[in-house]
Amino acid sequence: MGVSENIKHFLSKEIPSNVKLIAVSKTKPIDVILKAYQSGYKIFGENKVQELADKYNDLPKDIEWHMIGHVQSNKVKYIAPFVSLIHGVDSVKLLKVINKEGEKNNRKINCLLQFHIAKEETKFGLSLEEANEFLISEDFKNLNNINICGVMGMATYTENDDTIRSEFKELVYIFNELKIVHFSNNDFKEISMGMSGDYKIAIEEGATIVRIGSLLFGARNYIK
Ligand SMILES: *Cc1c(COP(=O)(O)O)cnc(C)c1O
C-alpha cells in the first residue's frame, strides 16, 4: 500500500475522529509528501528545523506543519513565520525565544510543553516542578506571542507495554495538573503522545494528537 492508502486506513480504522494524526514525513522526499497531499492529507510533521523549512518552501502553502523534534533557540527564526505547532518546548529559554520570533512575525505561535516521562536519559523534557515554577512567574505573564496548547511526551522505547502505559498515564496526570492550576482557557487541550510503536496505548490513555511516521511512509533510511 502507498502512503495515501495508509493514511486513509489510519483515519478510518485506527484513530478516533477526535484524535489528530500528524503524518511524520522526516527523511522522506518532496514527491512522496506531495502525493499524500494530493490525495487530500495536509498535516505533516518534521523533527529537524532545516528540513522543515526546506519542505515548507518546496510544497503547497496550505500544509499544516508540525515541528515535533528538539528545537535549538537560534533556529526558531526559520520556522516562526509558518509553523502550526511546536511540540517540543523543553525550556523556558526556548519559550522566550519563540515568543520573540512570534512578535517579529506578528503572530501567536502555538506550543506544547514537552515533559520527560521516559526512563531513558536521552529524551528531552521538563519536569512538572520546572513547569509549575515557570508558569507562576512574571516572566511567563509577559509572553504575549505564544499560545501554550498542551503537553507532549515520548515513552521509553521498549517492548514492555506496562512501562509505556504508565509513562503515558504520567503525561496525562501532568496535563491535568497544569490545566487545573494554570490554564482556565480552552486552548490548553492537547496531549501529543504516541508513535508507530505505541499509538494504540496512547489513544487508550487519552492522546489527542498522535505522531506517526514509519507505519505511514515505510521505514526510514538515514543513509543518503
Ligand atoms: C520520528 C518521530 C515520530 C514518528 O516515529 P515513528 O516511529 O516512525 O512513527 C514521532 N515523534 C517524534 C518526536 C519523532 O521524532
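This passage describes helix H2 and the surroundings of the ligand in a predicted model.

Helix H2 spans residues 30-38, and its buried residues are Ile33, Ala36 and Tyr37. These three residues lie on the same side of H2, because the arc they cover around the axis is only 105°. This agrees with the general geometry of such an element: an α-helix has 3.6 residues a turn, so residues three or four places apart point the same way. The other side of H2 carries exposed residues, namely Asp31, Lys35 and Gln38. Cover for the buried residues of H2 comes from elements that include helix H1 (3-14), strand S2 (43-46) and helix H3 (49-58). Just after H2, the backbone at glycine 40 adopts a positive phi of about 115°.

The ligand has 13 residues around it, of which Lys26, Ser196, Gly213, Ser214 and Arg220 come nearest. Side chains of three of these residues are placed opposite ligand oxygen atoms, as follows. For lysine 26, an N or O atom of the side chain is 2.7 Å from an oxygen atom of the ligand. In serine 196, a polar side-chain atom is found 2.5 Å from a ligand oxygen atom. The side chain of serine 214 likewise has an N or O atom at 2.8 Å from an oxygen atom of the ligand. The ligand taken alone exposes 390 Å², and 91% of that area is buried by the protein.

Methods: Residues numbered from 1 in each chain as written. Predicted model: local features only at pLDDT ≥ 70, side-chain atom pairs only at ≥ 80, totals over all residues. Heavy atoms only, no water. Buried < 20%, exposed > 50% of the residue type's maximum accessible area, 1.4 Å probe, protein only. Helix = DSSP H or I, 4+ residues; strand = E, 2+ residues; numbered from the N terminus. Arc of directions from axis to C-beta. Contact = heavy atoms within 4.5 Å. Near = heavy atom within 4 Å. Polar contact = N/O pair within 3.5 Å; in protein donor to acceptor, adjacent residues only side chain to side chain. Areas by Shrake-Rupley, 256 points an atom, 1.4 Å probe, with all protein chains shown as cover.
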